[in-house]
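Colleague: Could you take me closely through one part of this model, namely the charged side-chain pairs and the places where they sit? I would like the cut-offs stated as you go.

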Amino acid sequence: MPLKVNQPAPDIYLPSTSGSHFKLSRDLANQPGIIYFYPKDFTPGCTQEACSFRDSFSVFRDLNITVVGISRDSIESHQKFKQQHKLPFELLSDKSGEVAKKYQALVPFLKVVRRVTYLLDANHKIAAVYEDMFGAEKHIKQMIEAVKKNA
């Protein structure tokens with residue numbers, strides 16, 4: 001089960017495709033954000049999800065909501081994935097799966113990241129959560145609805 005609405009979001013400190021480390025409490029201080037966990041770069045569902053976030057990116061950008069994707073892939077893989085699909089947001093590498101585990105997005109024993117998306121408010125409390133391993137495009141629709149509801 002993913003984390004619940006109104007729970008504080010655990011801090012994140014992971015390498016980013018920006019070339020530095022992303023730290024939630026520093027890089028999104030007093031700002032809302034969307035953190036989405038996904039299983040693997042270049043797989044059909046994950047590509048569809050990333051491209052859907054890309055295609056709807058202006059909705060989030062116009063509301064100053066930062067989008068960040070996280071999987072266990074390497075930064076090198078993320079760089080290629082981001083470049084090939086022209087993704088306008090950063091991808092973070094959670095090689096150990098520790099951050100995914102804190103966000104209840106890691107399948108126990110298998111160590112596979114589940115498809116879970118969180119909307120965080122400016123205080124980094126979870127404002128909305130959506131989990132659906134196979135409905136990649138639904139994540140974006142759910143987050144747009146949640147953003148409009150919480151705006």
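Modeller: What follows goes from the overall frame to the salt bridges, and then to a histidine and two cysteines.

This is a predicted model, in which local features need pLDDT of at least 70 and side-chain atom pairs count only at pLDDT 80 or more, while totals for chains, interfaces and linings use all residues. Residues are numbered from 1 along each chain as its sequence is written, and side-chain values use heavy atoms, with hydrogens and water left out.

As a frame, the protein has six helices and nine strands, where helices (H or I, at least four residues) and strands (E, at least two) are DSSP runs numbered from the N terminus. Its C-alpha trace spans about 35 × 30 × 30 Å along the principal axes. Of the 151 residues, 49% count as buried; here buried means under 20% relative accessible area, exposed over 50%, and partly exposed in between, with a 1.4 Å probe and protein chains only.

Turning to the charged pairs, side chains of opposite charge can pair when their charged atoms come close. The rule used here takes a salt bridge to be a side-chain nitrogen of Lys or Arg within 4 Å of a carboxyl oxygen of Asp or Glu, and by this rule the count comes to eight. One of them joins R54 to D55, with the closest N and O atoms 2.8 Å apart; R54 is partly exposed at 27% relative accessibility, whereas D55 is exposed at 56%. Another joins R61 to D62, at 3.5 Å from N to O, and in that pair R61 is partly exposed with a relative accessible area of 46%, while D62 counts as exposed at 56%.

The salt bridge between E131 and R114, at 3.3 Å from N to O, links distant parts of the chain, since E131 lies in strand β9 (residues 126–131) and R114 in the loop between β7 (112–113) and β8 (116–120), 17 residues apart. In this pair E131 is partly exposed at 34% relative accessibility, but R114 is buried at 16%. The strand that carries E131 is also paired: β8 and β9 run antiparallel and are joined by five bridges, two strands being paired if DSSP finds at least two bridges between them. Within that pairing, E131 in β9 is the bridge partner of V116. The hairpin of β8 and β9 has five residues between the strands, and H124 there takes a positive phi near 65 degrees.

R54 also appears in the surroundings of H85, a residue of the loop between α4 (75–84) and β5 (90–93). H85 is buried, with a relative accessible area of 13%. Leaving aside neighbours within four places in sequence, H85 is in contact (heavy atoms within 4.5 Å) with F42, T47, C51 and R54.

C51 leads to the cysteines. The structure holds zero disulfides, a disulfide being a pair of cysteine sulfur atoms within 2.5 Å. C46 is in no disulfide, and the nearest cysteine sulfur, that of C51, is 11 Å away; seen from C51, the sulfur of C46 is the closest one, yet at 11 Å it is too far for a bond. Both residues are nevertheless buried, C46 with a relative accessible area of 1% and C51 with 14%.
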